[in-house]
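Ready for a few short exercises on charged side chains? Take a look at the model below, then work through each task before reading its solution.

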Amino acid sequence: HMDADFTVTQVLSGQTTAEQIFTLEPGLTIQGTVSSPDGEALAGVRVLAEVGTSPFYKVSDARAVTDRNGHFVIRKLEDATYTVVAIHPEFTSAKVQAHPSSDRSVNIVLGNGGVVEGSVSVAGVPKADASVSVTSGDQVNKSTRTDARGEFRLAGVLPGTALVRVQTGVHSSPEYRKQERN
């Protein structure tokens with residue numbers, strides 16, 4: 001599973017050759033597919049591979065984006081256990097444990113989740129371009145910006161209690177907790 005550029009040098013018995021210097025880099029891979037709850041392959045899903053298991057992740061640069069068939073390949077991994085996280089704005093994120101030397105392919109199915117929507121206004125005037133973020137459970141934050149009417153919509157939020165935070169540039173909201181119903 002190692003990716004490398006190389007030149008073949010043949011040395012026969014009794015012969016010598018010039019010194020050869022080479023470097024091997026980690027080259028193991030984790031690959032798989034990401035699909036929606038109904039089994040549809042999802043394109044454009046961000047997939048991250050973090051070393052370790054929750055809650056002791058080591059952040060890495062190992063990442064990929066799924067192609068039109070929902071397929072991804074994360075390359076140049078070390079021989080370690082990874083937590084593979086798939087993130088899509090319309091679904092709840094999902095994660096699986098994988099080891100590149102033993103897991104040939106991983107399949108990740110994202111969840112439907114709920115929707116948080118609303119509007120932001122300052123002194124009764126709709127606020128465009130305000131930052132709105134939602135955190136629920138141990139899910140990766142979902143965030144967006146309000147439109148020209150001060151409205152926002154975030155899908156794929158885990159059911160249950162969610163933390164909503166609004167920042168308008170000069171004004172920041174207190175944190176609000178909202179119970180979602182599906």
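**Exercise 1.** With which residue does Asp129 form a salt bridge, and how far apart are the closest N and O atoms?

*Solution.* Keep in mind that this is a predicted model. Start with the cut-off: a side-chain nitrogen of Lys or Arg has to lie within 4 Å of a carboxyl oxygen of Asp or Glu. The partner of Asp129 is Arg145, with 2.7 Å between the closest N and O atoms. Next, place the two residues: Asp129 sits in the loop between β10 (125-126) and β11 (131-136), while Arg145 belongs to strand β12 (residues 142-145), so the salt bridge ties together parts 16 residues apart in sequence. Finally, check accessibility: Asp129 is partly exposed because its relative accessibility is 46%, and Arg145 is partly exposed at 45%.

**Exercise 2.** Find the salt-bridge partner of Glu90 and locate both residues in the chain.

*Solution.* Glu90 pairs with Arg153, and their closest N and O atoms are 3.7 Å apart. Glu90 is in the loop between β5 (82-87) and β6 (94-98), and Arg153 is in strand β13 (residues 151-157); the pair links distant parts of the chain, 63 residues apart. Glu90 counts as partly exposed at 40% relative accessibility, as does Arg153 at 45%.

**Exercise 3.** Is Arg149, the salt-bridge partner of Glu151, buried or exposed?

*Solution.* The closest N and O atoms of Glu151 and Arg149 are 3.1 Å apart. Exposed means over 50% relative accessible area. Arg149 has 54%, so Arg149 is exposed. Glu151, with 35%, is partly exposed.

How values were computed. Residues numbered from 1 in each chain as written. Predicted model: local features only at pLDDT ≥ 70, side-chain atom pairs only at ≥ 80, totals over all residues. Heavy atoms only, no water. Helix = DSSP H or I, 4+ residues; strand = E, 2+ residues; numbered from the N terminus. Buried < 20%, exposed > 50% of the residue type's maximum accessible area, 1.4 Å probe, protein only.
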